[in-house]
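Morning, everyone. I have a few stops to make in one structure, so let's put it on the screen.

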Amino acid sequence: MVHSQFDQLPILVLHTLFTYLLTEEILFSLLNVSTSLNDAIKSYSNYRLNFKSILRSSFDLICQHILPNQVKGLILSDDQYTPGQSQLFLSHFQIDEFINLQSLTLIEIERKSLEIINEHLYKLNRLRSFLFKSEINICFSMSFVNLRHLELSQCSLNLLENICLRTPWLKTLNVTVIHETSTFEFQCQLNYSVRSMNEIEKFLLNFPCLKHLELSTRIYDNFITGHQLEILSKDLITLKFIFKITLHSIEETLDTFRTLFWLEEKCWFVAYENNYLYTVPCSMYTHINENFQPPKYSTILKNSIFYDNIIKLTLYVKLIETCHRFNNITTLEIGYENISIETLSAIVNLSGIMNLTLPSSMNKSKIKYLLNKMSRLQYLSIDTLPILVLHTLFTYLLTEEILFSLLNVSTSLNDAIKSYSNYRLNFKSILRSNFDLICQHILPNQVKALILSDDQHTPGQSQLFLSHFQIDEFINLQSLTLIEIEKKSLEIINEHLYKLNRLRSFLFKSEINILFSMSFVNLHHLELSQCSLNLLENICLTTPWLKTLNVTVIHETSNFEFQCQLNCMIRLILKINNSVRSMNEIEKFLLNFPCLKHLELSTRIHDNFVTGHQLEILSKDLITLKFIFKITLLHSIEETLDTFRTSFWLEEKCWFVAYENNYLYTVPCSMYTHINEHFQSPKYSTLLKNSIFYDNIIKLTLYVKLIETCHRLNNITTLEIGYENISIETLSAIVNLSRIMNLTLPSSMNKSKIKYLLNKMPRLQYLSIDTLMSNETFEEFQNIGRNFLDNIQDLQLKQICELKISDYHIIDDLYTIDQLCCIFPSIERLHISIGRLNTIVQLINCFKYLSIISLNLKYLSDKEKEYFASKSELIIDQIRQMIILTYKYQMANSCLHLWIKKEIKIEAIKINFDTYVFFLF
C-alpha cells in the first residue's frame with residue numbers, strides 16, 4: 001500500500017468523516033489506500049448498513065469487510081429489488097452477533113429468515129429502534145422494554161396495547177392498526193375502522209408528553225371542528241391528519257380552523273375535498289397527474305404550498321394547466337409522444353428529476369433534450385414497452401447484457417426476463433463472472449441454444465456447468481455446441497442426450513471419439529470436427545430430415561463407399577483428410593444429395609485431372625459452390641482454367657477459379673483470409689480483376705516490410721506488425737485501421753507511432769507484444785520489453801481487454817506488474833510468461849477485471865518447476881483460498897490456463913520453498 005495524505009489525519013477525524021459516507025462508499029474509496037485508513041475502517045464502530053435496493057457487489061463487499069460488533073444500524077430487505085437477501089445475510093452472520101446494534105429495520109423478510117431472526121432478537125439488549133414492514137403476523141421474542149422508536153406496518157389493537165405496556169420509554173410510534181370491531185379502547189392509525197372524535201380524544205390521553213402527531217382514520221359521526229382539535233393539539237409541535245368524513249356545512253367547519261391558533265400561532269392549514277378533511281401539505285398530494293386542481297375549500301391564502309409538496313408528476317395525454325412552477329419534482333412520467341418539451345421545461349424544474357418514464361414512440365431529439373437537462377437522472381423506465389417488444393429487443397442482446405443492464409430495474413422488466421424463452425447461451429471464452437450470473441438467473445427451460453467449451457480460455461467449464469444443471473433439464477433446447485469437452489463431462493452429457501427431443505442442431509468439436517447416445521432422427525443441422533466414413537454413414541441413415549452437414553472425414557482406406565440418400569440436405573461442407581479421391585468417387589458421393597443447393601468441398605484429387613465441364617454437370621443446380629482441390633495439373637494450367645471460363649461459370653453462376661502451389665480453388669478462398677507482406681494474387685485465375693482477393697482478407701502480418709499493392713485492404717480486423725521502422729502513413733493508406741480489433745506490435749516501436757495507431761483504432765480490444773519476434777537473444781528481449789513499458793507508461797489503454805506478451809518477456813517483479821496494471825486497467829484476458837510462482841498471485845491481484853489467464857511456466861527455476869509439477873493442485877488451491885472464490889484450471893505444454901472469479905484483494909504473497917507453504921507478506 002502507498003502512503004496517503006489521509007495518514008496525517010487523527011483517527012477521530014477520519015471517524016467523523018465516515019459519518020457522512022455510506023458504508024460501501026467508505027470501502028470502495030478508502031479500503032487498502034493506506035495502513036492508517038485500514039486501521040480506521042477496522043476500528044470504526046458506527047456503521048449503519050442500509051441494504052435496501054443495494055447492489056449485490058456492494059452487499060458482498062460489506063459482508064466481507066465489516067464485523068457485526070461494528071454495526072449500529074441495520075436495514076434488511078427481501079423486496080423485489082433484493083430477493084433472498086436475508087437468507088444470504090444469515091449465511092454470513094447470526095443476528096445475535098450484532099451486540100452493539102441500536103436500530104433494526106426488517107422489510108418484507110421471508111418467513112423462514114424472519115423466524116430465525118426472531119428467535120434471537122431478545123439478545124439485542126442495546127436495540128432502541130425497531131421497524132417492521134411486512135404482511136406476516138409474528139409474535140416477536142424481543143424485549144421491548146428499552147425501545148425508543150417503533151414502527152409496525154400493521155398490527156392488531158390488542159397486540160399494540162400489549163407492546164405499549166412493555167415500552168415505558170417509547171418516544172415515537174408509527175403503526176397501522178387493523179381494527180374491525182366496534183369496541184375501541186386504544187388505537188393510533190386506523191384502517192377498516194370508523195372512529196368518533198371522543199374515542200380519539202380518549203386515546204391521546206395515553207400520551208401526555210406527545211409533541212408530534214400524525215393521524216389517519218374515518219370519523220363516523222361526521223362532525224369535527226377546529227375548536228375540538230385545538231384542545232387536543234395545543235401542546236403539539238407538529239400535527240398532520242387525514243379524516244374521512246362527510247361534512248354538511250363545509251365553509252362553516254373550515255371557519256373553525258381560521259382562528260389565530262391555527263393560522264398564526266401554529267401556521268397549520270386545512271383543506272376539504274372528496275370527503276377528506278386534511279392538513280396541508282398532505283401525503284395524498286405528493287403525486288398528481290395533468291387533471292390536478294388545488295382543493296376548492298381550504299384555509300390557505302395562496303396555493304403554492306400545494307405545488308411545493310408535489311414530488312411526482314404523471315402526464316398521460318396532455319400537460320398540466322397551471323401558473324405555478326413545480327420545483328421539487330423528482331419523478332416524471334410521460335405517457336404520450338407529442339408533448340411540448342419547451343412548455344414542460346417552463347412548468348417543471350427538470351434538473352431535479354431522478355426517475356423518468358417515457359413512451360417508446362418519442363422521437364430522438366426530445367429524448368436527448370430531456371436527458372441533457374436531467375443531470376441527476378438515475379432511473380429510466382421502459383415499462384411502457386409491451387412485453388413482446390421487450391422480447392424482440394432481447395434477441396439483439398447477449399444474455400449477460402440483458403441481465404447486467406435490465407435485471408432488477410423494474411418489476412415488468414424482471415417479468416420480461418423471466419418469461420423470455422429464447423435465450424442463446426454462448427459460453428465460449430466467456431468471463432467467469434458472466435457465466436455465474438447467467439447460471440444464477442436463467443432457467444434451463446428458457447434456453448433455446450447452448451455453447452459449452454472446455455478450451456484453454458474456459459478450462460473445466462463443462463464440469464462447473466454440470467454442477468448447476470443436468471443436460472436433460474433443457475427441455476426446449478434446439479441447438480447444442482460442444483467444444484473440446486473433457487471426457488468425463490462428455491460421458492455425462494452423452495448419457496442424457498437422447499432426452500433432448502427438440503434438438504435440431506448439434507455441433508461437436510473435439511478429438512475424442514465417442515458413440516453418441518442421442519437420437520439423430522429430428523436433427524436438421526449437424527457439424528462434426530472429425531468422423532470416420534462409416535460413422536458418418538451410420539449417422540446419416542438415422543437423420544432423414546438433415547438439412548445441413550459440416551464434417552471432416554478421416555478416411556485412410558482405398559474404399560470410399562457411401563450409400564445414404566438424404567433428400568432434405570441443402571447444404572454440405574465436407575473436408576476429406578488422409579485420403580486421395582478421384583472425381584468419379586466425388587460424383588458418386590454427391591448423388592446421395594439430390595436437393596443440394598450449397599456445397600463446400602476440400603480434398604486431394606489422386607488422378608490429377610479435373611475440368612470445369614465435369615464440375616458443371618455436378619453443380620448445375622447449386623446456388624453456391626466452394627472447393628479446394630490439392631492437385632498437380634498434368635496438362636496445361638491455362639487449358640484447365642479455360643474449361644472454367646465458360647458462360648456457365650463466369651456469367652450464369654459468377655464463380656471464379658484460381659490455381660497456385662498445386663491447389664485448384666474457387667475465389668474467394670478461405671486459404672487467403674490471412675496473408676503476409678509477400679502475398680501476390682495468383683498468377684493463374686479466371687478473374688478479370690484481383691480486388692476480390694483483397695476484399696476477402698481479414699488478417700495481415702507484416703514481418704519485415706509493408707505489402708506492395710495498389711489495392712486497399714478494407715476488411716482487416718487483425719494486424720500483426722513485427723518491425724519498428726514501419727511507415728505509419730503508408731500503412732494507413734493501405735489498411736483501413738478503423739476496423740482493427742486485434743493488434744500485434746514490436747516493443748521497440750516508438751511512442752508516437754503507437755499513439756497514432758491506437759487513436760486510429762476505435763474498435764481495438766486485443767493487443768499482443770513481440771509475439772512475432774524470435775531473432776533477439778533472451779537478454780535483449782528482456783531489455784526491450786522493459787523499455788517498451790517505460791516508453792508508454794503515461795498512456796492508459798482502457799479499451800484493451802486482452803493482452804498477450806511474448807514468451808521471451810519474463811514477468812517476475814512487482815514494478816513491471818504495476819506498470820502493466822496502470823497502462824492496461826481493463827484487462828479481462830492475459831497471456832504471459834512468469835519467472836516465479838509468486839507472480840501468479842501478484843498478477844491476479846493487480847488486474848481488477850481479470851477472468852482468463854494463461855501463464856507460461858517454462859522459465860521457472862528448476863526447483864520451482866519440480867515443486868509445481870508435484871504439487872500443482874495444492875498450490876492453485878492455496879491461491880484460491882487467498883484471492884479467489886472460484887476457479888478452474890488446465891495444464892497444457894508447460895502453460896497453466898486459469899478461469900477465475902475474484903472475490904477479495906490481497907496485496908502480495910510469497911512462497912517459502914523450504915516448507916513449500918504460502919505465506920502473506
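Let's begin at helix 31. Its buried residues are N838, T839, I840, V841, Q842, L843, I844 and N845. The helix spans residues 838-846, and 8 of its 9 residues are buried, so by the under 20% cut-off it is mostly covered. One word of caution before we go on: this is a predicted model.

Now to the other end of the numbering, helix 2. This helix covers residues 23-30, and T23 lies in it. Is T23 buried or exposed? T23 is buried, because its relative accessibility is 4% and the cut-off for buried is under 20%. What does T23 touch, once residues up to four places away in sequence are set aside? The list is Y47, R48, L49, I62 and I66.

T23 has company. The buried residues of helix 2 are T23, E24, I26, L27 and L30. Keep the general rule in mind: an α-helix has 3.6 residues a turn, so residues three or four places apart point the same way. And what do the buried residues of helix 2 pack against? Three helices and a strand: helix 1 (11-18), helix 3 (35-43), helix 4 (56-65) and strand 1 (47-50). Just after helix 2 comes N32, with a positive phi of about 65°.

Next, the second largest pocket. Its volume is about 1,100 Å³. The lining counts 41 residues, and those closest to the pocket centre are T172, L173, N174, L210 and H212. Several elements give two or more residues to this lining. On the strand side, they are strand 4 (129-133), strand 5 (149-156), strand 6 (172-178), strand 9 (212-219) and strand 10 (238-244). The helices are helix 7 (157-165) and helix 8 (197-204). Which element gives the most? Strand 9 does, with 5 residues. By class, the lining has 22 nonpolar, 13 polar and 6 charged residues.

Stay with strand 4 from that lining. 4 of its 5 residues are buried, so strand 4 is largely enclosed by the rest of the structure. Strand 3, residues 103-107, runs parallel to strand 4, and 5 bridges join the two. Take T105 as one case: its bridge partner in strand 4 is L131.

On to N355. This residue lies in strand 17, residues 355-357. Its relative accessible area is 26%, so N355 is partly exposed: that value falls between the 20% and 50% cut-offs. Leaving aside neighbours within four places in sequence, N355 is in contact with T330, T331, L332, L377 and Y379. Look at T330 first. N355 and T330 are 25 residues apart in sequence, yet their C-alpha atoms are 6.3 Å apart. Then look at T331. Its side chain makes a polar contact with the side chain of N355, at 3.1 Å.

Last stop, N501. Where does N501 lie? It is in the loop between helix 20 (487-496) and strand 22 (505-509). N501 counts as exposed because its relative accessibility is 53%, and the cut-off there is over 50%. F474 is 27 residues away along the chain, and the C-alpha atoms of N501 and F474 are separated by 9.9 Å.

To recap the three single residues: T23 is buried, N355 is partly exposed, and N501 is exposed. That's my tour. Questions, please.

Notes: Residues are numbered from 1 along each chain as its sequence is written. This is a predicted model: local features need pLDDT of at least 70, side-chain atom pairs count only at pLDDT 80 or more; totals for chains, interfaces and linings use all residues. Side-chain values use heavy atoms; hydrogens and water are left out. On a 1 Å grid over the protein atoms alone, a cavity is a set of points where a 1.4 Å probe fits but cannot get out, and a pocket is an open set with protein on both sides within 12 Å along at least five of seven lines; lining residues have an atom within 4 Å of a point. Grid points are joined across faces, edges and corners, and a volume is the space filled by probe spheres set on the points. Ala, Val, Leu, Ile, Met, Phe, Trp, Tyr, Cys and Pro count as nonpolar, Asp, Glu, Lys and Arg as charged, and the others, Gly among them, as polar. Buried means under 20% relative accessible area, exposed over 50%, partly exposed in between (1.4 Å probe, protein chains only). Contact means heavy atoms within 4.5 Å. A polar contact is a pair of N or O atoms within 3.5 Å; within protein, one must be able to donate a hydrogen and the other to accept it, and residues adjacent in sequence count only if both atoms are side-chain atoms. Two strands pair if DSSP finds at least two bridges between them.
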